[in-house]
Amino acid sequence: MRVGIAGAGAFGTALAIALGRKGPVTLWSRSADQAARMAAERRNEARLPGADLPETVTPTANFADLANADVLLLAMPMQQMRAALAEHHAQLGNRPLVACCKGIELATGFGPTGVIAEAVPGAIAAILTGPSFAGEIARGLPTALTLACADPDHVQALQRALSTETLRLYRTTDTAGAELGGALKNVMAIACGAVIGAGLGNSARAALMTRGYAEMLRIAAARGARPETLAGLSGFGDLTLSCTSEMSRNYQLGLAIGRGETFDATVTVEGAATARAIAAAPAYRGIDLPITHAVASLVDGRETLPSIMAQLLARSLKEE
Ligand SMILES: NC(=O)C1=CN([C@@H]2O[C@H](COP(=O)(O)OP(=O)(O)OC[C@H]3O[C@@H](n4cnc5c(N)ncnc54)[C@H](OP(=O)(O)O)[C@@H]3O)[C@@H](O)[C@H]2O)C=CC1
Ligand SMILES: O=C(CO)COP(=O)(O)O
């Protein structure tokens with residue numbers, strides 16, 4: 001299967017390297033400069049320094065070069081995906097579109113497959129998500145991910161096409177569960193980074209991860225997602241990785257907030273918009289989501305960490 005990847009950030013480049021070990025990959029960047037540099041240097045130093053592109057990877061800035069790909073991976077941030085789909089709508093064609101982003105669209109409350117379905121009616125919408133750092137994938141370190149697509153035949157075909165010797169994909173037809181796990185773990189990673197940054201300790205982090213997971217299950221139930229999907233790689237797996245590793249940019253944002261430091265606003269941090277989207281969505285009103293609301297307040301600077309912690313700890317005692 002010929003693979004096309006739209007979006008040459010850290011994740012798109014890492015997937016190109018991993019899948020390029022198996023067959024031809026076209027890697028599209030919206031920047032002609034970046035595509036030319038990748039072609040000349042055989043690296044994407046701007047987004048994924050130190051990782052070599054195999055000869056099988058063809059960088060391009062011409063979207064039409066993706067025309068012969070049998071499957072298209074969409075590796076741009078969640079809040080950018082709809083605009084990218086709209087811009088290249090005519091060239092997307094009748095093939096699987098696999099979202100490789102993690103988040104909830106701020107304007108609509110949709111996850112990645114919902115955005116694809118609305119922007120490209122009739123598309124075979126899928127999502128690839130789960131615990132993985134781009135740099136580790138590029139180095140060929142063992143990584144297990146969740147691939148979700150509502151169609152059971154397509155999900156099996158995609159699983160075979162996108163698994164490699166080191167990239168092991170598990171499949172599910174529960175797209176809502178897979179995309180919620182990936183989106184919400186980022187919110188919890190910001191919360192965990194903040195408590196560690198503020199010196200509140202590992203026990204507080206474990207409490208946030210556990211109670212955060214309870215919020216993830218409540219949101220999933222409201223969306224009709226399966227709890228076992230949340231217990232898998234895309235939910236529990238990625239929650240564990242992102243809440244405990246300083247390689248996570250969401251966790252890094254939390255650390256900066258907890259330490260009272262500034263954070264580079266150009267860094268891709270999906271959890272901030274996701275927290276805002278969930279906190280604002282009428283669909284989730286009445287559901288107990290104290291950590292998600294706290295993170296939305298924190299990233300918008302509406303409340304301070306000490307005041308949020310005081311409110312969380314002062315809540316009435318309850319059954320677990
Ligand atoms: N990095 C990681 O380890 C992992 C990331 N992910 C997910 O992958 C997604 C992308 O993150 P990541 O690659 O790390 O982010 P980066 O910040 O490294 O790169 C984002 C890329 O998206 C491109 N982009 C932004 N808007 C558009 C657009 N409208 N059209 C085309 N390209 C666009 C940017 O282009 P430009 O440079 O021109 O701005 C840039 O190349 C996120 O949802 C993230 O959660 C998932 C697993 C692991
Ligand atoms: O999604 C990731 C790990 O699975 C990458 O995390 P960050 O986006 O927080 O860097």
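Arg249 is buried in this predicted model. The assignment follows because 22 other C-beta atoms lie within 10 Å of Arg249, and 20 or more are enough for a residue to count as buried. Arg249 is found in helix α11, which covers residues 249–259. Beyond residues up to four places away in sequence, Arg249 touches Val267, Thr268 and Val269.

Arg249 also belongs to an annotated site. The unreviewed UniProt entry places the feature "binding site" at Gly7, Ala8, Gly9, Ala10, Phe11, Gly12, Ala134 and Arg249. Ala10, another of these positions, lies in helix α1, residues 10–20. Ala10 counts as buried because it has 22 C-beta neighbours inside 10 Å. With neighbours within four places in sequence left aside, Ala10 is in contact with Arg47, Leu48 and Ala134. Ala134 is itself listed in the "binding site" feature of the UniProt entry.

Ligand 1 is surrounded by 25 residues. The closest are Gly9, Phe11, Gln80, Cys101 and Thr268. Of these, Gly9 and Phe11 appear in the UniProt "binding site" feature, and Thr268 is touched by Arg249. Helices α1 and α3 (78–87) each supply at least two residues of the shell around ligand 1. The largest share, four residues, comes from α3. By type, the shell divides into 13 nonpolar, eight polar and four charged residues.

The protein chain has 14 helices and ten strands. Its C-alpha trace spans about 60 × 40 × 35 Å along the principal axes. The radius of gyration is 19 Å, which agrees with the value near 20 Å for a compact globule of 320 residues. Buried residues make up 51% of the 320 residues. Among contacts in the protein chain with a separation of 6 or more, 71% join residues 24 or more positions apart.

An unreviewed UniProt annotation, "domain: Glycerol-3-phosphate dehydrogenase NAD-dependent N-terminal", covers residues 3–153. This span is 30% helix and 26% strand. Its end C-alpha atoms lie 18 Å apart.

In soluble globular proteins, nonpolar side chains tend to be buried together. The largest nonpolar core here has 61 residues. Leu15, Leu74 and Val98 have the most contacts inside this core. Helix α1 gives the most to the core, with eight residues. A second, separate core has 44 residues, including Ala189, Met216, Ala294 and Val299. Within the largest core, Val98 links to several stretches of the chain. Leaving aside neighbours within four places in sequence, Val98 is in contact with Val71, Leu72, Leu73, Leu74, Ala126, Ile127, Leu128 and Leu158.

Two residues of the second core, Ala294 and Val299, are among the buried residues of α13. Seven of the ten residues of helix α13 (residues 290–299) are buried, so α13 is largely enclosed by the rest of the structure. The buried residues are Ile291, Thr292, Ala294, Val295, Ala296, Leu298 and Val299. They pack against α7 (175–197), α8 (202–222), α11, α12 (270–280) and α14 (305–313). One of these partners, α11, is the helix that holds Arg249. Gly301 follows α13 and has a positive phi, near 70 degrees.

Key:
Residues are numbered from 1 along each chain as its sequence is written. Chains are lettered from A and ligands numbered from 1 in the order in which they are written. This is a predicted model: local features need pLDDT of at least 70, side-chain atom pairs count only at pLDDT 80 or more; totals for chains, interfaces and linings use all residues. UniProt positions are given in the numbering used here, feature names are shortened, and annotations may be inferred rather than shown by experiment. A residue is buried if 20 or more other C-beta atoms lie within 10 Å of its own, exposed if 12 or fewer, and partly exposed in between; C-beta atoms are placed from the backbone. Two residues are in contact if their C-beta atoms, placed from the backbone, lie within 7 Å. A residue is near a molecule or strand if its C-beta atom, placed from the backbone, lies within 6 Å of it. Ala, Val, Leu, Ile, Met, Phe, Trp, Tyr, Cys and Pro count as nonpolar, Asp, Glu, Lys and Arg as charged, and the others, Gly among them, as polar. A nonpolar core is a set of buried Ala, Val, Leu, Ile, Met, Phe, Trp, Tyr and Cys residues joined through C-beta atoms within 7 Å. The radius of gyration is taken over C-alpha atoms; the globule rule is 2.2 Å times the number of residues to the power 0.38.
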